[in-house]
Amino acid sequence: MKIEFLGTAGPMAVPRPLCKCEVCHQAREEGVPYSRSCPSLFLHGPNLLFDTSEDINMQINRSQITEINGLFYSHWHPDHVMGRRVLEQLNANFVNHPPMNTRTNVFLPEQVGNDIKRFLGTGDHLEFLNNKGYIKIHIIADGNTVNFNDVEVTPFRLAENYAYGFLVQDSDNKILIIPDELSNWAPDNRFDGLDLAILPIGVLEYHPSTGERFVDVNHPVLKEECTFSETIEIIKKINPKKTLLTHINGFSFDDLKAWRV
């Protein structure tokens, strides 16, 4: 299995529209890797897409993806679902009559299936796409596993119980994918022996290149979101062979290269 990061920003793409800060200016001038699009990733092998950011059309077009066997949504937040119209663009056939549409399997963990009926019109939109024949919706009850040939994908609730992570396993690999919302999560022994953990980086309360405090100690985000320091403690608990961090905002590529830990 091979992971392709389609977008590694957090809820805001870099550069932000009209923003004149140094990070965004440099991102406009230099492009990738200074620019970052919003969060999505792809697992080659079983060919699974995780989340559809509003940048997903561009992300797929520049990617190595040739086939999508399934799409998993981790939670209802806009930076993870607002590109869902790509499912029509992937599958609708406007040339032939009658149309020869294709169909993408969309997997919704139990609480995600409930939440999309309440937020952002996602439930109505996915139901429209389902009725048009562009997708097939599957609700995954908590504790259940989805099989793709020899690959098992098991969604599980995080401490923020509207959000899910995914344990992906085959005979050779054990991979943890948590796209977002790591706050207060306490891993258990299901996650022993991980080959790879993909986690959100968390709030960078200290500047990565200078080590100086970057976020005011009284800022409410430090109580609402997992910090980078807390992310490191989770990594120590699960002790994977390798960890990749994503969902990154606020810093330039040069800042991250000069990281001080």
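## Second largest pocket

In this predicted model, the second largest pocket is lined by Phe5, Leu6, Gly7, Thr8, Val32, Pro33, Ser35, Arg36, Ser37, Arg62, Phe253 and Leu256. Two elements, β1 (2–7) and α9 (253–257), each give two or more residues to this lining. The greatest contribution comes from β1, with 3 residues. Sorted by class, the lining comprises 6 nonpolar, 4 polar and 2 charged residues. The volume of the second largest pocket is about 190 Å³.

One residue of this lining, Pro33, also takes part in a cis peptide bond with Val32, for which omega is about 5°. Pro33 is located in the loop between α1 (22–30) and β2. Val32 likewise belongs to the lining of the second largest pocket.

## Largest pocket

The largest pocket has a volume of about 740 Å³. Its lining consists of 31 residues, and those nearest the centre of the pocket are Pro11, Val203, His247, Asn249 and Gly250. By class, 18 residues of the lining are nonpolar, 8 are polar and 5 are charged.

## Enclosed cavity

The structure holds 1 cavity of 30 Å³ or more. The largest cavity contains about 70 Å³ of space, and its lining is formed by Phe5, Gly7, Pro39, Ser40, Leu41, Phe50, Asp51, Pro179 and Thr246. At least two residues of this lining come from β1, and at least two from β2 (40–44). The class count for the cavity lining is 5 nonpolar, 3 polar and 1 charged. Phe5 and Gly7 appear in the lining of the largest cavity and also in that of the second largest pocket.

Asp51, one of the residues lining the cavity, has a positive phi of about 70° although it is not a glycine. Asp51 occupies the loop between β3 (48–50) and α2 (56–61). With a relative accessible area of 2%, Asp51 is buried.

## Nonpolar cores

The largest nonpolar core has 40 residues, and those with the most contacts inside it are Phe50, Phe72, Tyr73, Leu87, Leu126, Val153 and Ile177. Of these, Phe50 also lines the largest cavity. When residues up to four places away in sequence are not counted, Val153 touches Leu48, Phe72, Asn144, Thr145, Val146, Phe148, Phe166, Leu167 and Val168. A second, separate core has 18 residues, including Trp76, Ala197, Ile235 and Ile238.

## Further backbone features

A cis peptide bond also joins His97 and Pro98, with omega of about 0°. Pro98 is placed in the loop between α4 (86–91) and β5 (104–109).

Asn184 is not a glycine, yet it has a positive phi of about 65°. The residue lies in the loop between β10 (174–177) and β11 (196–200). Is Asn184 buried or exposed? At 63% relative accessibility, Asn184 counts as exposed, whereas Asp51 is buried.

## Salt bridges

Side chains of opposite charge can pair when their charged atoms come close. The whole structure holds 8 salt bridges. In one of them, the side chains of Glu110 and Arg157 meet at 3.9 Å, N to O. This pair links distant parts of the chain, as Glu110 is in helix α5 (residues 110–115) and Arg157 is in strand β8 (residues 151–157), 47 residues apart. Glu110 is partly exposed at 31% relative accessibility, and Arg157 is partly exposed at 27%.

A salt bridge also connects Lys241 and Asp195, whose closest N and O atoms are 3.1 Å apart. Because Lys241 lies in the loop between α8 (228–238) and β12 (243–246) and Asp195 in the loop between β10 and β11, the pair ties together parts that are 46 residues apart in sequence. Lys241 is exposed, with a relative accessible area of 68%, while Asp195 is partly exposed, with 22%.

## A pair within a helix and a shared network

Glu233 and Lys236 meet through their side chains in a salt bridge of 3.4 Å, N to O. The two residues are separated by about one helical turn, because they are 3 residues apart in helix α8. The relative accessible area of Glu233 is 41%, so this residue is partly exposed; Lys236, with 55%, is exposed. Elsewhere, Glu110, Asp142 and Arg157 are joined into one network by salt bridges that share partners.

Terms used: Residues are numbered from 1 along each chain as its sequence is written. This is a predicted model: local features need pLDDT of at least 70, side-chain atom pairs count only at pLDDT 80 or more; totals for chains, interfaces and linings use all residues. Side-chain values use heavy atoms; hydrogens and water are left out. On a 1 Å grid over the protein atoms alone, a cavity is a set of points where a 1.4 Å probe fits but cannot get out, and a pocket is an open set with protein on both sides within 12 Å along at least five of seven lines; lining residues have an atom within 4 Å of a point. Grid points are joined across faces, edges and corners, and a volume is the space filled by probe spheres set on the points. Ala, Val, Leu, Ile, Met, Phe, Trp, Tyr, Cys and Pro count as nonpolar, Asp, Glu, Lys and Arg as charged, and the others, Gly among them, as polar. Helices (H or I, at least four residues) and strands (E, at least two) are DSSP runs, numbered from the N terminus. A nonpolar core is a set of buried Ala, Val, Leu, Ile, Met, Phe, Trp, Tyr and Cys residues joined through side-chain atoms within 4.5 Å. Buried means under 20% relative accessible area, exposed over 50%, partly exposed in between (1.4 Å probe, protein chains only). Contact means heavy atoms within 4.5 Å. A salt bridge is a side-chain nitrogen of Lys or Arg within 4 Å of a carboxyl oxygen of Asp or Glu.
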